[in-house]
Amino acid sequence: MHFIFLILTSLIPLSLQKSTPEDLSYVAAVVEYEFSWDVASNVQNYLTLIRDAAEKDADVVVFPELCLNPGQDHYVPIPINSLLKDDPIPAIRADLYHEILVAISAGARENSIYVVVNIQEIMNCEDAPGEECPEKKTYIFNTNIVFDRQGAVVSRYRKMNLFGEYSRTPALRPDLGEFSTDFGVRFGHFICFDLMFQVPAVQTPQKLNVTDIIYTGMWVSELPYLTAVQIQEAYAHSMNVNFIAAGANNVTEGGAGSGIYSGKAGALISIMPGLPTTRLLVTRVPKVPGQVQSYPGPIYNDPSDHDNLLINGDPSMAAHTSRLLVPGYQSFTLTSGDIICSFNINLTQTDKTLYKYRAGVLSGVRTYDGKASGGIKVCAVFACTGDGIDSCSKRFPKYTAESLATFEELSIAANLTTPKRNEDLQADNIVYYPISLQPSILPLEAKDYSLNINQIGDRTFYNYKLLNGNVELYSFGIFGRMFERDDEAPSPPWTEVEN
């Protein structure tokens, strides 16, 4: 692969400002990367972006899921339990390692920066010392690897929760991803669909006691609760962590959304493009989540750009107990199972408003496109293209200004089951996320809402209130994951939808 030589000889060592353990913050970078099947170009582009991040004083740069070596011809062995123990820097032992591993190692080393990439990993169990090998065969994994400033491989994490990915195998052991840095921050890391599950998304911060999480994704967004930046920011809020999230950009297939978030302060910088995009996002991150000063904030695109972005709909909408909203003030309570949700709403619509709105609650089990099922607890208001619940979680094909409504008042009081710690996993059995979504397909900024949480025994009361009556909304509410009901039969059952 001759491009490796060209890249290495073009790199000049940089003298850059590095964060230290004494600093109160560090600099992180994520890449929203436009998907390409051209592996040679991807390697070249990654090395350019690594250098660009280093020139902006980033201590760590993160790339998205499955964008470096897609296809079946460029699988990479990552022998972290054998060769990499004795020779951890592929850049200086090119004779031992795959060209892609050597190239990225050299990029990290030459630019003195931590680099996190996601790779299709191959492992031949005929010769895999130190590895878990149930069968003597070849396995393919969806894998994060981390390089330190010297180009050494310091962490490997294999995705546990595959979204289809039928050619790949889930991690053979439930090993969490983690690594420590020379600037005094210890990171956890996981991959895309893992975000929906107790292990590793909840277990990583709670068991490892880390407050900084790296995430590589190729997320396919879904209305009304699970668009990419929406759930990334909600995770950072609920887990009270710094969340460093890099997303693959492939808008016609639903891929978009990256950001860097700091606990309850929200997005330090984020992007949800509706057009093909590669973009480097860089910001300073406080070591204590939420203790932010100045930061770039969300990057807002023209909402009409998102006409090009595929966004799926939540298949569980029909199972919601819901009520159609009318213009003006209304106050009511909805229940589902053990959920009790009270709504106070003053809905403002004009002659330009196209969307209808419903309030809905659900305690049940949903499918994730037939790939898995999971328990959910929901209490929310969401937009619909018609009067019926079957029209919710959908958009009109073309965005028009002022087509969504505003709310002079919108508050939700949710009476929900208190999460309990699973002592074996050292992770909570339920997590509740505050979600919202604007026409930009970005959530509300932290200043635009309030969330007060009060626990009384086995019930927890969430008071979620909109503070900005000028914003248009696709959704606003509490989305909870109830992990003990995972793998139960979903309602409604999954049915394949033909495109």
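Let's start with one residue, Leu437, which sits in strand E24. Keep in mind as we go that this is a predicted model. Is Leu437 buried or exposed? Leu437 is buried, because its relative accessible area is 0%, and the cut-off for buried is under 20%. Who are its neighbours? Leaving aside residues up to four places away in sequence, Leu437 touches Leu223, Thr227, Gln230, Leu442, Pro443, Glu472, Leu473, Tyr474 and Ser475. One more pair to find on your screens: Leu437 and Leu347 are 90 residues apart along the chain, and their C-alpha atoms are separated by 16 Å.

Now let's step back to the sheet around that strand. Strand E24 belongs to an open sheet of five strands, in the order E16-E19-E20-E27-E24, with antiparallel pairing. Which strands are at the edges? They are E16, residues 321–324, and E24, residues 430–437, and each of them pairs on one side only. From one strand to the next, the twist averages 10°. As a general reminder, strands of a sheet pair through backbone hydrogen bonds, either parallel or antiparallel.

Let's look at the E16 end. Strand E16 pairs with strand E19, residues 356–367, in the antiparallel sense over four bridges. If you want one bridge to look for, take Leu324, whose partner in E19 is Arg358. At the other end of the sheet, helix H6, residues 228–239, lies across E24 and strand E27, which covers 475–482. The helix runs at about 135° to E24.

There is a second sheet to find. This one is also open, and its five strands come in the order E17-E18-E21-E26-E25, again with antiparallel pairing. Why is one side of E17 and of E25 left without a neighbour in the sheet? Strand E17 (328–336) and strand E25 (449–456) stand at the edges and each has a single partner strand, so one side of each stays free of a neighbour there. On average, neighbouring strands in this sheet are turned by 10° against each other, ignoring direction. Strand E17 pairs with strand E18, residues 339–348, in the antiparallel sense, over nine bridges. Among those pairings, Ser331 has Asn344 in E18 as its bridge partner.

Next, the whole chain. The domain assignment gives domain 1, residues 25–306, and domain 2, residues 314–485. There is also a record to mention: an unreviewed UniProt entry annotates residues 26–287 as "domain: CN hydrolase". That span is 22% helix and 32% strand, and its end C-alpha atoms lie 7 Å apart.

How do the two domains meet? Their C-alpha centres lie 29 Å apart, and 39 residues of domain 1 are in contact with 45 residues of domain 2. The area buried between them is about 3,600 Å², and carbon and sulfur atoms give 65% of that. On the domain 1 side, Gln198, Leu223 and Tyr225 lose the most area to domain 2, together 21% of what that side buries. You have met Leu223 already, as one of the residues that Leu437 touches.

Gln198 takes us to our last stop, helix H5, residues 198–208. How many of its 11 residues are buried? Nine are, so to speak, under cover, and the helix is mostly covered. The buried ones include Gln198, Val199, Pro200 and Leu208. Just after H5, Asn209 takes a positive phi of about 55°. Thanks for listening!

Conventions: Residues numbered from 1 in each chain as written. Predicted model: local features only at pLDDT ≥ 70, side-chain atom pairs only at ≥ 80, totals over all residues. Heavy atoms only, no water. UniProt positions renumbered as here; feature names shortened; annotations may be inferred. Helix = DSSP H or I, 4+ residues; strand = E, 2+ residues; numbered from the N terminus. Pairing = 2+ DSSP bridges. Axes fitted to C-alpha atoms, helices over the stretch in contact; angles between N-to-C directions. Contact = heavy atoms within 4.5 Å. Buried < 20%, exposed > 50% of the residue type's maximum accessible area, 1.4 Å probe, protein only. Domains from an automatic or database assignment. Buried area = accessible area lost by both parts, 1.4 Å probe.
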